[in-house]
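Reader: I should like to go through this structure term by term and ask on what grounds each term is applied. Please set each value against its criterion.

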Amino acid sequence: MSDAIESGLELQERQNRFISLHFRRIFAQIYHLVQNVADAQDLTQESFIKALQHQEQLKDEQKAAHWLSRIATNTAIDFLRRSGRATFCELDEAPESQSESPEAILLRSEHREYLEDGLRLLSARERAALIMRDVEGLPAEEVAERLNCSKATVRSHIANGRTKFRRYMERRKR
Amino acid sequence: MRHPNQATLALHAGGDLGRIRNWWTARHLTRCAECREEVAGYTEMRELLPDLADLPEISWNRMAAEIKANVRLGLEAGECVRSAEMPSHRASLTGWRAVVAFASVVVLVGGCLVLERPAPPAVHIAQTAVESTGDGIQYQDGGDLMLGLMNGGAQKASYTLGAQGSMEARYVDPETGSITVNTVSYAQ
């Protein structure tokens, strides 16, 4: 009986350690895709639940990290597909520093909104590929691994994403 | 001159082409101002995108605690669902089961439509009356006195009217001190 309780506590402790080790990275990864804190937090939780339901996959730490990243990406992409579009953050939720003037905050917020409007034009996978490659700076091989597709497919997503985004920028300039 | 397509130029701007395509595109760009301009446009776009990497100010400790608590709840809920699930045999609504179910629904719906809805019972206003008087309880039918129960000289009697039209009189006999309860009710 006490052994069972102890192993339960140990398991919980291990799960908490796993969450502490990865949650910032996973949150950031999802936030870059959905651009909304509340949604990103919900999806981070969902990703951890999915991962921790398969304890056997978590034995190798490095593999577990990759696996978790893939779950997080898929969870965020599913969310983007379900919701049809990303729900972006409010002005007061946007990152800010204490030293910034109100004008600077407003300008930065407008700039962010401008970029987010462009992202809305992309499909969920194009957006994911573009963000992983051009925002997070991941190599195409890793993007392919996270999206669980070939490098050629990732290149196609990236090219489509960049082309659509650039057209959007040109339209906005006119 | 054959120009590379937009996808090739977009990939070249990020260094995402294979070695041979990259070399061929770079060679083309040295001779083509139009394509160089296109690549410059993609490069400019790529320089803007990292602005999306900024994270808002977040209380990481609070978020960690919330995530841990919610993940725990989620895992426990998942355990409950798994243990409640049927282990192997699942009854599926196919074949004869579907036929029986469909027939049952048809019979049920048909029965509901065919059967007459029971009419609410008619309310007859009875002319029968049970009432209290100064001396006791009287039972009248159509204005005729049918029964009278006297209180036997009691000064104070308490009457209770029942929901079904019955009436009860309670009083203390002044001579004996005994309590008498008279109840009058009628049935149709």
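Reader: What makes up the lining of the second largest pocket, and which residues lie nearest its centre?

Author: The model is a predicted one. Twelve residues line the second largest pocket, and those nearest its centre are Leu11(A), Gln15(A), Arg72(B), Leu75(B) and Glu79(B). A residue belongs to a lining if it has an atom within 4 Å of a grid point of the pocket. Residues of chain A and of chain B both meet that criterion here.

Reader: Which elements give two or more residues to that lining?

Author: They are α1 of chain A and α4 (60–84) of chain B. The most comes from α4(B), with five residues. By class the lining has three nonpolar, five polar and four charged residues. The volume of this second largest pocket is about 200 Å³.

Reader: What volume does the largest pocket have, and which residues lie nearest its centre?

Author: Its volume is about 290 Å³. The lining holds 14 residues, with Arg14(A), Phe18(A), Gln55(A), Leu58(A) and Lys59(A) nearest the centre. Two or more residues come from each of α1 and α3 (61–83) of chain A. The largest share is that of α1(A), with seven residues. Six residues of this lining are nonpolar, three polar and five charged.

Reader: Why is another space called a cavity, and how many of 30 Å³ or more are there?

Author: The term cavity applies because a 1.4 Å probe fits at its points but cannot get out, whereas a pocket is an open set. The structure holds one cavity of 30 Å³ or more. The largest cavity has a volume of about 40 Å³, and this value therefore satisfies the limit of 30 Å³ or more.

Reader: Which residues line the largest cavity, and how do they divide by class?

Author: The lining consists of His66(A), Arg70(A), Glu142(A), Glu145(A) and Arg146(A). No residue among them is nonpolar, one is polar and four are charged. Helices α3 and α6 (140–147) of chain A each supply at least two of these residues. With three residues, α6(A) gives the most.

Reader: Why is the pair Arg46(B) and Asp134(A) called a salt bridge?

Author: The rule asks for a side-chain nitrogen of Lys or Arg within 4 Å of a carboxyl oxygen of Asp or Glu. The side chains of Arg46(B) and Asp134(A) meet at 2.9 Å, N to O. The value lies within the cut-off, and the pair therefore counts as a salt bridge. Across the interface of chain A and chain B the rule finds five salt bridges, and over all chains the search finds 16.

Reader: What makes Glu46(A) and Lys50(A) a salt bridge, and how are they placed along their helix?

Author: Their side chains meet at 3.5 Å, N to O. That distance is within 4 Å, so the criterion is met. The two residues are four residues apart in helix α2 of chain A, which means that about one helical turn separates them.

Reader: How do you know that chain A and chain B are in contact, and what area do they bury?

Author: Contact requires heavy atoms within 4.5 Å. In this sense 45 residues of chain A are in contact with 39 residues of chain B. The area buried between the chains is about 3,900 Å², of which carbon and sulfur atoms give 65%. In chain A, the residues that lose the most area to chain B are Phe23(A), Arg162(A) and Arg166(A), together 17% of what that side buries.

Reader: How many residue pairs are in polar contact between the chains, and which element of chain A gives the most residues to the side touching chain B?

Author: The count is 14 residue pairs, both residues at pLDDT 80 or more. On the side of chain A that touches chain B, α1(A) gives the most, with eleven residues. That side divides into 20 nonpolar, 14 polar and eleven charged residues.

Reader: With which residues is Arg81(A) in contact, leaving aside its neighbours within four places in sequence?

Author: Arg81(A), in helix α3 of chain A, is in contact with Ala124(A) and Arg125(A). The C-alpha atoms of Arg81(A) and Ser123(A) are separated by 8.2 Å, and these residues are 42 residues apart along the chain.

Conventions: Residues are numbered from 1 along each chain as its sequence is written. Chains are lettered from A and ligands numbered from 1 in the order in which they are written. This is a predicted model: local features need pLDDT of at least 70, side-chain atom pairs count only at pLDDT 80 or more; totals for chains, interfaces and linings use all residues. Side-chain values use heavy atoms; hydrogens and water are left out. Buried area is the accessible area (1.4 Å probe) that two parts lose on being put together, summed over both. A polar contact is a pair of N or O atoms within 3.5 Å; within protein, one must be able to donate a hydrogen and the other to accept it, and residues adjacent in sequence count only if both atoms are side-chain atoms. Ala, Val, Leu, Ile, Met, Phe, Trp, Tyr, Cys and Pro count as nonpolar, Asp, Glu, Lys and Arg as charged, and the others, Gly among them, as polar. On a 1 Å grid over the protein atoms alone, a cavity is a set of points where a 1.4 Å probe fits but cannot get out, and a pocket is an open set with protein on both sides within 12 Å along at least five of seven lines; lining residues have an atom within 4 Å of a point. Grid points are joined across faces, edges and corners, and a volume is the space filled by probe spheres set on the points.
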